[in-house]
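Hi,

Here is the structure I promised to pass on. Have a look at it first, then read my notes underneath.

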Amino acid sequence: MKKILLSFAVLMFLSSAILAQSAGKPKYLKPTNHQKKVTTIVSEKSRSYYSLDHEKPSVISVRGPAILRVLTRGRFVPDAGTKIKYDILYIIDGGEQKKENISGAVRSKSATYLNGTLGVPGQLIDFEIELGRGDHTIEFLLEDLEVPVAVRYKLIPTKAKKQEWIAFSPMQPSEPVDLISRETSVNYYRFSIENPLKISINGPTELRVMTRIENHYHMKGRIHYRLQVKENDKVLNTYQLSSRRSEVAVYKDNKDLIPGKAREFVINVPKGKHTYEILPLDQDKSTVLGRLLLPKKDVKLEE
């Protein structure tokens, strides 16, 4: 009996370890633009929340697939009444603005502010945002300033679905660039503001877009760059990406440049034929390299 219980315990431990490795551990994030911290004491433990503003967005950068849990606390100030309500606006990757309505929040019985002059924290009310694979930027705002609100951001990585991906070519003319990564030759395409990456594709499918900023050797530190996806001159998404010099990839035929680490986003292609343009938005940045990947199961759509 003891051997059976021991075997069961080992199996459970291994299963938990595999799950943690495949999905990753949850972690708390802070805004990339350093919003004001509101230290809150919850059950005698210090927790860092970040104030939301009505005009200046609180920006969170994440890599999916994941669930972003947004933990909110409104603040009870004098004469606030017994309940408060507030609306949080958020935009994912420069897309359409969404709203989360929160109402009926009462004073918390287990939380206080480190700075007692702030008032009384409201009860914790949360909502979740599901994010697909790739890099994402989410901007948060308060619809109005009637009720002060502070937020904590918890990222819960999820497991990406297994599928085979194959390289997909953009429309011509596109300038090919060969990189060597871990002793393997990989084909990218150079694009710029003047010469965007143009793609013709049939849906429904997913299009993975891997990008690398092009760096000169004297460049150091982290480089931020923005990319926009358009269809028929309509802006679909804007991605704010951040990269460093790659440690494993080099140019096959150019020793004066060094590629940045690959950053990824996904275009969810609806049914039918679509033509997209991907272009950088920063006038002061170098050109960008792009690599396109299509699920192998969807190759028949292009035949």
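Four strands, β9 (125–142), β15 (223–231), β16 (234–243) and β19 (263–280), each give at least two residues to the lining of the largest pocket; strands here are DSSP runs of E, at least two residues, numbered from the N terminus. β19 gives the most, seven residues. A pocket is an open set of points on a 1 Å grid over the protein atoms alone, where a 1.4 Å probe fits, with protein on both sides within 12 Å along at least five of seven lines, and lining residues have an atom within 4 Å of a point.

One caution: this is a predicted model, so local features need pLDDT of at least 70 and side-chain atom pairs pLDDT 80 or more, while totals for chains, interfaces and linings use all residues. Residues are numbered from 1 along each chain as its sequence is written, and side-chain values use heavy atoms, without hydrogens and water.

Now the cores. A nonpolar core is a set of buried (under 20% relative accessible area, 1.4 Å probe, protein chains only) Ala, Val, Leu, Ile, Met, Phe, Trp, Tyr and Cys residues joined through side-chain atoms within 4.5 Å. The largest has 27 residues, and L68, I88, I129, I138, F140 and Y153 have the most contacts inside it. β9 turns up again here, with the largest share of this core at seven residues. Take I129: among the residues it touches (heavy atoms within 4.5 Å), leaving out those up to four places away in sequence, are L68, I138 and F140. A second, separate core has 23 residues, including L197 and V209.

Cheers

Note on methods: Buried < 20%, exposed > 50% of the residue type's maximum accessible area, 1.4 Å probe, protein only.
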